[in-house]
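Biologist: I would like to learn how to read empty space and surface patches in a model. Can we take them one at a time?

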Amino acid sequence: MYLLIQAEFSKTRRTLALWMTLLCPLCVVLLQALSAGHNDAALLRERGWIVYGQSIVALWCSFLFPLYLGLLTALLNAVEHQHQCWRFMATLPYSRWQLFLAKVAVAYGFALVSTLVLLLSSTVSIWLLLGLGVTADGVWQFSFVKPLFVALASAGPLILLGLLISWAHSSLALPLGVAVVMTMSAMTVARSADFWPWHPWTYLMTS
């Protein structure tokens, strides 16, 4: 199984998966850092560091992370569709479940890397913003670790569904379209105490 997972990781060199894993969290932090640092960090001075941390986590968990997972799972299976690798994979001494679980492991590995990139870049952005002369009082009151890793643990259903859809359909449009529609609808469904458990895309937000 280890060799199978290693082979799946090697395939990602022919995709944009690694680039997206780095760029998506960096875009979130860059957007929030530019907003916080605008006008000599007036917004940050007024609202404090907790709001800065909350804004990064909220944007990541409610919007970009689920979209990233949709793109990631689509890219992982797109390699097989583009290069007609399904027939070759069928000849390997592994069952379909083992092949699928290997892709799940790879997808979770990339999701973990994206979370770590977000943590590291958020910490760097705080040090850079401190250079603007903003007070350091309360700078570490908000913990990024717990909400981000709870969201990571909640990403399982999205990874499974994304891989199933992209496994069955060769077009990138369908899994990406599903990710966009379900992510946008989750913002509304998450407000319902009765329906959010039936909508996996709300798990990252409610976590």
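Modeller: Start with the second largest cavity of this predicted model. Its volume is about 30 Å³.

Biologist: Which residues lie closest to the centre of the second largest cavity?

Modeller: Ala-74, Ser-166, His-169, Ser-170 and Ser-171 do, out of 10 residues that line this cavity.

Biologist: How does the lining of the second largest cavity divide by class?

Modeller: Polar residues number 6 and nonpolar residues 4. Charged residues are absent from this lining. H3 supplies the largest share, 4 residues.

Biologist: How is such empty space found in general?

Modeller: A probe the size of a water molecule is rolled over the atoms, and this shows where empty space is left.

Biologist: How many cavities of 30 Å³ or more does the rule give here?

Modeller: The count is 2. The largest cavity holds about 70 Å³ of space.

Biologist: Which helices each supply at least two residues of the lining of the largest cavity?

Modeller: Three names to find in the view: helix H3 (49-82), helix H7 (156-168) and helix H8 (173-189). H3 gives the most, with 4 residues.

Biologist: Which residues line the largest cavity?

Modeller: Pro-66, Leu-69, Gly-70 and Thr-73 are among them. So are Leu-158, Gly-162 and Ile-165. Pro-175, Val-178, Ala-179 and Trp-201 also line this cavity.

Biologist: How many residues of that lining are nonpolar, polar or charged?

Modeller: The lining of the largest cavity has 8 nonpolar and 3 polar residues, and no charged ones. Gly counts as polar in this scheme.

Biologist: Now the surface. Which residues form the nonpolar patch?

Modeller: Leu-16, Leu-18, Trp-19, Leu-22, Leu-23, Leu-26 and Val-113 form the patch. Together they have about 630 Å² of accessible area.

Biologist: Which helix gives the most to the nonpolar patch?

Modeller: Helix H2, residues 17-47, with 5 residues.

Biologist: Take Leu-23 in helix H2. Why can Leu-23 count towards a patch?

Modeller: Patch residues need over 30% relative accessible area. Leu-23 has 37%, so this residue passes that cut-off. Leu-23 is partly exposed at that value.

Biologist: Let us step back to the whole chain. How many helices and strands are there?

Modeller: The protein chain has 9 helices and 0 strands. From the N terminus on, the elements run α-α-α-α-α-α-α-α-α.

Biologist: What share of the 207 residues is buried?

Modeller: Buried residues make up 42% of the chain. Buried here means under 20% relative accessible area.

Notes:
Residues numbered from 1 in each chain as written. Predicted model: local features only at pLDDT ≥ 70, side-chain atom pairs only at ≥ 80, totals over all residues. Heavy atoms only, no water. 1 Å grid on protein atoms, 1.4 Å probe; cavity = no way out; pocket = protein on both sides within 12 Å on 5 of 7 lines; lining within 4 Å. Points joined across faces, edges and corners; volume = space filled by probe spheres on them. Patch = residues over 30% accessible without salt bridge, like charges linked within 9 Å, V, L, I, M, F, W, Y side chains within 5 Å. Areas by Shrake-Rupley, 256 points an atom, 1.4 Å probe, with all protein chains shown as cover. Salt bridge = Lys/Arg side-chain N within 4 Å of Asp/Glu carboxyl O. Buried < 20%, exposed > 50% of the residue type's maximum accessible area, 1.4 Å probe, protein only.
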